[in-house]
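Please open the model in a viewer with the backbone drawn as a cartoon, and keep the selection tool at hand. The stops below are meant to be followed in order.

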Amino acid sequence: MTKLAIVTDAHWGPAKPIKSRKLTQLAEPLLADFVRHVNNQVKPDAVLQLGDLIEDIMSDEGQNMPSSLASALDLDNYLQGWTLLDGCKCPVYHVAGNHDTWMVDPDALTSVWNTPEAYYSVDVGDAHVVILYTQSIEPQSMTTHVPHEQLMWLKDDLAATDKPVIICSHYSLADQDLTGNYWFEGLPQECLVQNRADVRAVIASAGNVMVAFNGHLHWNNVTEHDGIPYITIQSLTQDIDGSETPAKAYAEVTIKDGFLWVEVMGNDPFLYQR
Ligand SMILES: [Fe+2]
């Protein structure tokens, strides 16, 4: 059996200067609640953090800041969020998000994570967890891809495990319908991985991937391709209806004997099982 807790899109940072559906100022208390709950109740084998741990400072008041200062402030916020999550009594595996890497070099993140690359894999319980890095096609672009080298690594990594595989990324690998999405309706190039069909082809042909998870879209969604569920998890700090009600979303995932149970807790609950 494998039990996981997933949290994503905390967007740690100062409160937004103008009203926003990102309740950035709640990232710290809500992450602290999450860590307490994980340690006292959920007790998973691992926590997966699917990216956008921070809200980059350039999004708001940092627009006129020297880039070196913005980058230092982002890294400081990242370290604060990372340190809080490090209070989990189980391993925590991190995914790089677009806001995390807007001003911070991915190499700085991998030194914090202690991984050789921003994409890597680990065995957790009876499962194999693969962390992908959906990176900008060019600096400061909202369009991301999984570059060829990483795709070849994925192919080899999937071939080398006999465990059921869980894929994690920040952007979605699915052709999900964006109708009604607060942030990305009409903007697939800003939330779906550009070469997602190529990545899905590698995943489908491996034959051992059970599920893929991502964040970034600030909603819950399941879209199946090749019989595999591609599941988007709601953001921890998304204001769900404009009334400053945070989603407080995190997912509990159980995998046992080929059975998959995914339950998103909080103010925007969601359940998937197969
Ligand atoms: Fe994102």
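Select the open sheet of six strands that runs in the order β4-β5-β8-β9-β11-β10, with mixed pairing. The coordinates belong to a predicted model. At the edges of this sheet are β4 (120–124) and β10 (221–225), each of which pairs on one side only. From one strand to the next, the twist averages 20 degrees.

**Inside the first sheet**

Colour β5 (residues 127–131) and β8 (residues 165–169); these two strands pair in the parallel sense over four bridges. To find the register, select histidine 128, whose bridge partner in β8 is valine 165.

Move next to β9 and β11, which run parallel and are joined by three bridges. Here asparagine 214 is the residue to pick, as it stands opposite threonine 232 in β11.

In which sense do β10 and β11 pair? They are antiparallel, with five bridges between them. Glutamate 224 faces proline 229 of β11 across this pairing. The hairpin of β10 and β11 has two residues between the strands, and aspartate 226 takes a positive phi near 55 degrees there.

Now show helix α5 (196–206). This helix lies across β8, β9, β10 and β11 (228–232), and its direction is at about 150 degrees to that of β9.

**From the helix into β9**

Follow the chain out of α5 to asparagine 208, which is in the loop between that helix and β9. Is asparagine 208 buried or partly exposed? It counts as partly exposed, because it has 13 C-beta neighbours inside 10 Å, and the buried class requires 20 or more. Apart from neighbours within four places in sequence, asparagine 208 is in contact with Leu158, Thr161, Pro164 and Val165. Draw a distance between the C-alpha atoms of asparagine 208 and threonine 161: the separation is 8.5 Å, for residues 47 apart along the chain.

Methionine 210 is the next selection, and it belongs to strand β9 (residues 209–214). With 19 C-beta neighbours inside 10 Å, methionine 210 also counts as partly exposed, since 20 or more would be needed for a buried residue. Leaving out neighbours within four places in sequence, its contacts are Pro164, Val165, Ile166, Ile255 and Leu260. Pro164 and Val165 were met already as contacts of asparagine 208. Another C-alpha distance to draw runs from methionine 210 to glutamate 224, 14 residues away along the chain, and comes to 11 Å.

**The second sheet**

Select the open sheet of six strands in the order β3-β2-β1-β12-β13-β14, where the pairing is again mixed. The edges are taken by β3 (92–94) and β14 (270–273), each with a single partner strand, so one side of each has no neighbour in the sheet. Direction ignored, neighbouring strands of this sheet are turned by 15 degrees against each other on average.

Within this sheet, highlight β1 (residues 2–7) and β12 (residues 250–256), an antiparallel pair with five bridges. Isoleucine 6 stands opposite alanine 251 of β12. Add helix α1 (residues 27–42), which packs on the sheet and touches β1, β2 (46–49) and β12. The direction of α1 makes about 165 degrees with that of β1.

**The nonpolar core**

In soluble globular proteins, nonpolar side chains tend to be buried together. Which residues touch the most other members of the largest nonpolar core? Of its 76 residues, these are Ile6, Leu48, Leu132, Ile167, Cys168, Ala212 and Phe213. The element that gives the most to this core is α1, with six residues. Centre the view on leucine 48: beyond residues up to four places away in sequence, it touches Leu4, Ile6, Tyr93, Cys168 and Phe213.

**The whole chain**

Finally, zoom out to the full model, which has five helices and 14 strands. The C-alpha trace spans about 50 × 40 × 40 Å along its principal axes. The radius of gyration is 17 Å, which agrees with the value near 19 Å for a compact globule of 274 residues. Buried residues account for 45% of the 274. Of the contacts between residues at least 6 apart in sequence, 67% join residues at least 24 apart.

Note on methods:
Residues are numbered from 1 along each chain as its sequence is written. This is a predicted model: local features need pLDDT of at least 70, side-chain atom pairs count only at pLDDT 80 or more; totals for chains, interfaces and linings use all residues. The radius of gyration is taken over C-alpha atoms; the globule rule is 2.2 Å times the number of residues to the power 0.38. A residue is buried if 20 or more other C-beta atoms lie within 10 Å of its own, exposed if 12 or fewer, and partly exposed in between; C-beta atoms are placed from the backbone. Two residues are in contact if their C-beta atoms, placed from the backbone, lie within 7 Å. Two strands pair if DSSP finds at least two bridges between them. Axes are lines fitted to C-alpha atoms, for helices over the stretch in contact, and angles run from 0 to 180 degrees between N-to-C directions. A nonpolar core is a set of buried Ala, Val, Leu, Ile, Met, Phe, Trp, Tyr and Cys residues joined through C-beta atoms within 7 Å.
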